[in-house]
Amino acid sequence: MNETSRASNRRPANRGSRPGSAERPRPPGAPPPSLPGIAVRRAAADAMDAVLDKSRPLEESLERLTRDLDDRDRSLARMIAATSLRRLGSLRTLLRGMIERSLPPKAKRVETILIIGAAQILLTDVPDHAAVATSVALAGEDAATAGFKGLINAVLRRVTREGRALLPEGPDQPKWMIEGWMQAYGAETGNAISRALAHEAGLDLTAKSDPAGWAATLNGRLLPNGTIRLVDAGNITALPGFSEGGWWVQDAAAALPAQLLHATAGMEIADLCAAPGGKTAQLAAAGARVTAVDRSGTRLKRLQQNLDRLGLEAEIVEADAAVFEGGPFDAVLIDAPCSATGTIRRHPDVAWTKAREDVATLAALQARILAHSAQILRPGGVLVYSTCSLEPEEGENQISAFLATHPDFRREPIQPGECGVAAEWINAAGELRTLPTHLPDADPRQAGLDGFFAARLRRA
Ligand SMILES: C[S@@+](CC[C@H](N)C(=O)[O-])C[C@H]1O[C@@H](n2cnc3c(N)ncnc32)[C@H](O)[C@@H]1O
């Protein structure tokens, strides 16, 4: 439910080379910036470095680094950084092939500048000359990179001439991730997942009611589960229905776990790991009495703001879901914290901020939350466990292990057609397993789903 963090690889409308645009106010006496647009590239490069060197989430860094920019420049910085990260593997391969001698380790920033320059030239509609000039000027700002201005100029000019033909099609995520997907889904599908994740996703919305009506109003495509898919939506907060709370942003696959609960009016539901509230909103919109639990007070504030905008209500509890006392509930939804590898189309930094060891750490936390949730569900109640991860350790394996130690629970298989779920999204055990390769379409912006896992269990 991220309402403002969209990064299309088209430049924001009318973003030309406006003299002095969105430069940070400079102290009196400081020299003026040499070129407009440098502040944008500096923010994009700094955000890339924060992702790659410090494993910081891209959105968090951009929020801080673009505070002084206007809306259009903020969108441009986000688009440059997100596009660079989405195709990082391919861009690195291309650039390494164009640099005769490898760069010294202290020149890491030079590689970042080259990557964002090449990304603008090859993957966005920023004019080539602007991408080259701003990259060279950015290098000139800093003594550590100023000596590489000539190299940056030469390499990026070569990218403008030869890059389109030479840019490889991946791999664009770390080797351990792609190998894991090949092992889990077979070599062909694993590679196809990797390629699908290198495309930016469309904008998916969940409507509070009347999805067909909102699809018509917004000129969007209505997906089988009622999600509305838009392409090139622009500023989300300016779309019809945003301010009156008609819909919220949520990938089609992310909408399925709550839909699979078939919530009805008055049902008592615990939404564990609830913030920022996409699934809480779905359940509340169905009339359920929702207790939304999350460990993060900051994220719960966003959940409350989102519910306020949508005119919906829930009881909000700041607590660790692995020990939260409450209920017994008619239903429990666990949208567990996870590696989020299924969301790399929307959050390309995830590929570079997550390490293989994180999966095991997160799986241990998920197992604790899942085991505890069994204690707050009434007999006969239903439990949906979901993650936005492509890793079986956070999905299929988690449920097998839980069922082995909880004989009073059994799977309630998901049926083809239920909530618009296609047969190929259901595994042999009757669990939901969506992949970025699902929902194919000739236009990559219309294609794909986030990689989600969901299992529905019934307590005896
Ligand atoms: C995948 S996000 C949830 C998304 C949310 N369900 C939605 O639909 O908008 C996972 C959430 O789990 C929360 N979380 C992480 N560890 C937790 C814990 N031990 N107890 C409760 N919440 C936790 C995080 O703060 C985060 O908000």
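Guide: Two strands pair if DSSP finds at least two bridges between them; strands (E, at least two residues) and helices (H or I, at least four) are DSSP runs numbered from the N terminus. This is a predicted model, where local features need pLDDT of at least 70 and side-chain atom pairs count only at pLDDT 80 or more, while totals for chains, interfaces and linings use all residues. Residues are numbered from 1 along each chain as its sequence is written.

Visitor: In what order do the 4 strands of the open sheet stand?

Guide: The pairing in this sheet is antiparallel. β2 (221-222) and β4 (247-249) are its edge strands, each pairing on one side only. Read across, the order is β2-β3-β1-β4.

Visitor: Which residue in β3 stands opposite leucine 222?

Guide: β2 and β3 (residues 228-230) run antiparallel and are joined by 2 bridges. Opposite leucine 222 in β3 stands isoleucine 228.

Visitor: Which residue of β3 does aspartate 204 face?

Guide: β1 is joined to β3 by 3 bridges, and the two run antiparallel. Across from aspartate 204, the residue in β3 is arginine 229.

Visitor: Which residue in β4 is the bridge partner of threonine 206?

Guide: β1 also pairs with β4, in the antiparallel sense and over 3 bridges. For threonine 206, the partner in β4 is tryptophan 248.

Visitor: Are the residues of β1 buried or exposed?

Guide: A residue is buried with 20 or more other C-beta atoms within 10 Å of its own, and exposed with 12 or fewer, the C-beta atoms being placed from the backbone. Leu203, Leu205 and Ala207 lie on one side of β1, with Asp204 and Thr206 on the other, and both faces are covered. The strand is largely enclosed by the rest of the structure, because 5 of its 5 residues are buried.

Visitor: How far apart are the centres of domain 1 and domain 2?

Guide: An automatic or database assignment sets the domain bounds. Here it gives domain 1 (38-166) and domain 2 (203-459). Taken over C-alpha atoms, the separation of their centres is 34 Å.

Visitor: Which element gives the most to the side of domain 1 that touches domain 2?

Guide: Residues are in contact if their C-beta atoms, placed from the backbone, lie within 7 Å. The contact takes 9 residues from domain 1 and 4 residues from domain 2. On the domain 1 side, α1 (38-54) and α3 (71-86) are the elements giving two or more residues. With 3 residues, the element that gives the most is α3.

Terms used:
Contact = placed C-beta atoms within 7 Å.
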